[in-house]
Amino acid sequence: ILVIGKSKKSTSAVCRLFEARLCTKVYAALAFGHVAAVGETVRVDEPVADVPDASWRMDIGSPERPGRPCMTEVTVMEHGLFMGHKVSRLHLRPHTGRRHQLRVHLTHLGHPIVGDVTYANDVHSPRMFLHALALTLPIRGRSAPLILNTEDPFEGCVRPM
């Protein structure tokens, strides 16, 4: 999902929605292992912080590096196999928008995203299995929010066990 403003005014308005955390975002992912039971939602409420020696990498905060608060809801859609590995097909809803938040939170749970070279060291998968699935924008002046959806590209990727 890609949102492009047609004018400076509309672009600014949408940017303010993101800054105020008024947008709802949902992502699809495949993660290694079985995160929880199918249908269950797990809440990860852990701060994310920069890793000092790697400007691009993030980690869960610590007393020395408290990071910034962030929260993700992880809903398990399906369990199965992908390329010989046990995986979970997930829907992820970040309530904050930190860099690498979804990737760091799933790694913290012990279930990194399939194809994530940075956090899972997975160099064998054909891509990173993280994809924007839905975006809801409560645009002022509309009777209902603008809802943008795409199909889950990972549906059908997971083989039954």
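**View 1. Arginine 21, partly exposed at 43% relative accessibility.** With 43%, arginine 21 falls between the 20% and 50% cut-offs, so "partly exposed" is the label here. Bear in mind for this and every view below that the model is predicted. Arginine 21 sits in the loop between α1 (8–19) and β1 (24–32). The backbone is worth a look too: phi is positive, about 55°, even though arginine 21 is not a glycine.

**View 2. Helix α1 and what comes after it.** Here's a quick geometry check on the helix. α1 has 12 residues, and at 1.5 Å a residue it should span 16 Å. The C-alpha atoms at its ends are 16 Å apart, which agrees with that expectation. Following α1 comes arginine 21, with its positive phi near 55°.

**View 3. Asparagine 121, a residue other than glycine with positive phi.** The phi of asparagine 121 is near 55°. You'll find asparagine 121 in the loop between α3 (117–120) and β7 (130–137). Is asparagine 121 buried or exposed? Its relative accessible area is 60%, and anything over 50% counts as exposed, so asparagine 121 is exposed.

**View 4. Histidine 105 and its contacts.** Histidine 105 belongs to helix α2 (residues 101–108). Its relative accessible area is just 1%, and the cut-off for buried is under 20%, so histidine 105 is buried. Which residues is histidine 105 in contact with, once its neighbours within four places in sequence are left aside? The list runs Val44, Glu46, Val48, Ile60, Cys70, Met71 and Thr72.

**View 5. The salt bridge between aspartate 50 and arginine 99.** Now for some charged pairs. Side chains of opposite charge can pair when their charged atoms come close. The count of salt bridges in the model comes to five. In one of them, the side chains of aspartate 50 and arginine 99 meet at 2.9 Å, N to O. Aspartate 50 is in strand β3 (residues 48–51) and arginine 99 is in the loop between β6 (85–94) and α2, so this pair ties together parts that are 49 residues apart in sequence. Aspartate 50 is partly exposed, at 44% relative accessibility. Arginine 99 is partly exposed as well, with a relative accessible area of 38%.

**View 6. Arginine 89 and glutamate 78, a strand-to-strand salt bridge.** The side chains of arginine 89 and glutamate 78 meet at 2.8 Å, N to O. Arginine 89 lies in strand β6 and glutamate 78 in strand β5 (residues 71–82), so to speak two distant parts of the chain, 11 residues apart, linked by the pair. How exposed are the partners? Arginine 89 is buried, with a relative accessible area of 7%, while glutamate 78 is partly exposed at 22%. There's a third member to look for: Glu78, Arg89 and Asp152 are linked in a network of salt bridges.

**View 7. Arginine 103 and aspartate 116, a salt bridge with buried partners.** The side chains of arginine 103 and aspartate 116 meet at 2.8 Å, N to O. Arginine 103 lies in helix α2 and aspartate 116 in the loop between α2 and α3, so the pair ties together parts 13 residues apart in sequence. Arginine 103 is buried, and aspartate 116 is buried too.

Terms used. Residues numbered from 1 in each chain as written. Predicted model: local features only at pLDDT ≥ 70, side-chain atom pairs only at ≥ 80, totals over all residues. Heavy atoms only, no water. Helix = DSSP H or I, 4+ residues; strand = E, 2+ residues; numbered from the N terminus. Buried < 20%, exposed > 50% of the residue type's maximum accessible area, 1.4 Å probe, protein only. Expected span 1.5 Å × (residues − 1). Contact = heavy atoms within 4.5 Å. Salt bridge = Lys/Arg side-chain N within 4 Å of Asp/Glu carboxyl O.
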